[in-house]
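Here is a short tour of a protein model, written for someone who likes to check each contact on screen. Please keep the viewer open while you read.

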Amino acid sequence: MSQELRLALRQREREQERRRERHNEFRQDVLAVASRPEGERFLRRLLDDADIFLPGFRPEPEGAFHAGRRDAGLRLWRLLRENLPPERFAALALAERPDPLATLADDDGVDADEMEDGDDSRLCDFF
């Protein structure tokens, strides 16, 4: 094996090790935040703002912005799901969330509770 090849392999191993260290450091940072009630509230707010529980596609001009924000939220969701103890993740996942239809009602003055059953004509404005 040539000297250049050995140097390239060592360089590649060092880069992989640095990537693993950065990933582990980030993971530890997120877990440290999630370990406190204040951090858990903060993470919930990030997840709620990311609209991860709503469809990703929106036909409006800002659709790409929403898709990117949702993608970041889904990455955070996956990181938490994979690294938090199951009971902590369940508490975070099952926390009360704002009703998306209530948000729609707030935006245009229509109360979601007053919508007739089967009347989903207003939902197209939301999705």
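## An all-helix chain

The protein chain has six helices and zero strands. Reading along the sequence gives the pattern α-α-α-α-α-α. Please keep in mind that this is a predicted model. The protein chain holds 127 residues, and buried residues make up 23% of them. Looking at contacts between residues at least 6 apart in sequence, 46% join residues at least 24 apart.

## The second largest pocket

A good place to begin is the second largest pocket, which contains about 190 Å³ of space. Its lining is made up of His-23, Phe-26, Ala-72, Arg-75, Leu-76, Arg-78, Leu-79 and Glu-82. Two elements give two or more residues to this lining, namely helix 1 (3-34) and helix 3 (63-83). Of the elements, helix 3 gives the most, with six residues. Sorted by class, the lining of the second largest pocket has four nonpolar, one polar and three charged residues.

Two of the lining residues, Arg-75 and Leu-79, come back further on. Arg-75 takes part in a salt bridge with Asp-71, while the backbone oxygen of Leu-79 is reached by the side chain of Asn-83.

## Salt bridges

How many salt bridges does a search of the whole structure find? The search finds seven. The table lists some of them, with the distance from N to O.

| Acidic partner | Basic partner | N to O distance |
|---|---|---|
| Glu-40 | Arg-44 | 2.7 Å |
| Asp-51 | Arg-69 | 3.2 Å |
| Asp-71 | Arg-75 | 3.5 Å |

Take the pair Glu-40 and Arg-44. These residues are four apart in helix 2 (residues 37-49), so about one helical turn separates them. Glu-40 is buried, with a relative accessible area of 11%, whereas Arg-44 counts as partly exposed at 21% relative accessibility. The 21% of Arg-44 sits just past the cut-off, since buried means under 20% relative accessible area.

The pair Asp-71 and Arg-75 follows a similar layout in helix 3: being four residues apart, Asp-71 and Arg-75 are separated by about one helical turn. Asp-71 is partly exposed, with a relative accessible area of 38%, and Arg-75 is exposed, with a relative accessible area of 52%. Elsewhere, salt bridges that share partners bring Glu-40, Arg-44 and Arg-88 together in one network.

## Asp-51, Arg-69 and His-66

Which parts of the chain does the pair of Asp-51 and Arg-69 tie together? The side chains of Asp-51 and Arg-69 meet in a salt bridge of 3.2 Å, N to O. Asp-51 lies in the loop between helix 2 and helix 3, and Arg-69 lies in helix 3, so the pair ties together parts that are 18 residues apart in sequence. Asp-51 also invites a look at its backbone: phi is near 55 degrees, a positive value in a residue other than glycine.

Arg-69 counts as partly exposed, at 29% relative accessibility. Besides its salt bridge with Asp-51, the side chain of Arg-69 makes a polar contact of 3.0 Å with the side chain of His-66. His-66 has its place in helix 3 and is buried, with a relative accessible area of 15%. Setting aside neighbours within four places in sequence, His-66 is in contact with Arg-58 and Glu-60.

## Asn-83 and Glu-17

Is Asn-83 buried or exposed? Asn-83 is buried, with a relative accessible area of 19%, and has its place in helix 3. The side chain of Asn-83 reaches the backbone oxygen of Leu-79 at 2.8 Å. Beyond neighbours within four places in sequence, Asn-83 is in contact with Arg-27 and Leu-31.

Our last stop is Glu-17, which is found in helix 1. Glu-17 counts as partly exposed, at 35% relative accessibility. A polar contact of 2.9 Å joins the side chain of Glu-17 to that of Arg-20.

Notes: Residues are numbered from 1 along each chain as its sequence is written. This is a predicted model: local features need pLDDT of at least 70, side-chain atom pairs count only at pLDDT 80 or more; totals for chains, interfaces and linings use all residues. Side-chain values use heavy atoms; hydrogens and water are left out. On a 1 Å grid over the protein atoms alone, a cavity is a set of points where a 1.4 Å probe fits but cannot get out, and a pocket is an open set with protein on both sides within 12 Å along at least five of seven lines; lining residues have an atom within 4 Å of a point. Grid points are joined across faces, edges and corners, and a volume is the space filled by probe spheres set on the points. Ala, Val, Leu, Ile, Met, Phe, Trp, Tyr, Cys and Pro count as nonpolar, Asp, Glu, Lys and Arg as charged, and the others, Gly among them, as polar. A salt bridge is a side-chain nitrogen of Lys or Arg within 4 Å of a carboxyl oxygen of Asp or Glu. Buried means under 20% relative accessible area, exposed over 50%, partly exposed in between (1.4 Å probe, protein chains only). A polar contact is a pair of N or O atoms within 3.5 Å; within protein, one must be able to donate a hydrogen and the other to accept it, and residues adjacent in sequence count only if both atoms are side-chain atoms. Contact means heavy atoms within 4.5 Å.
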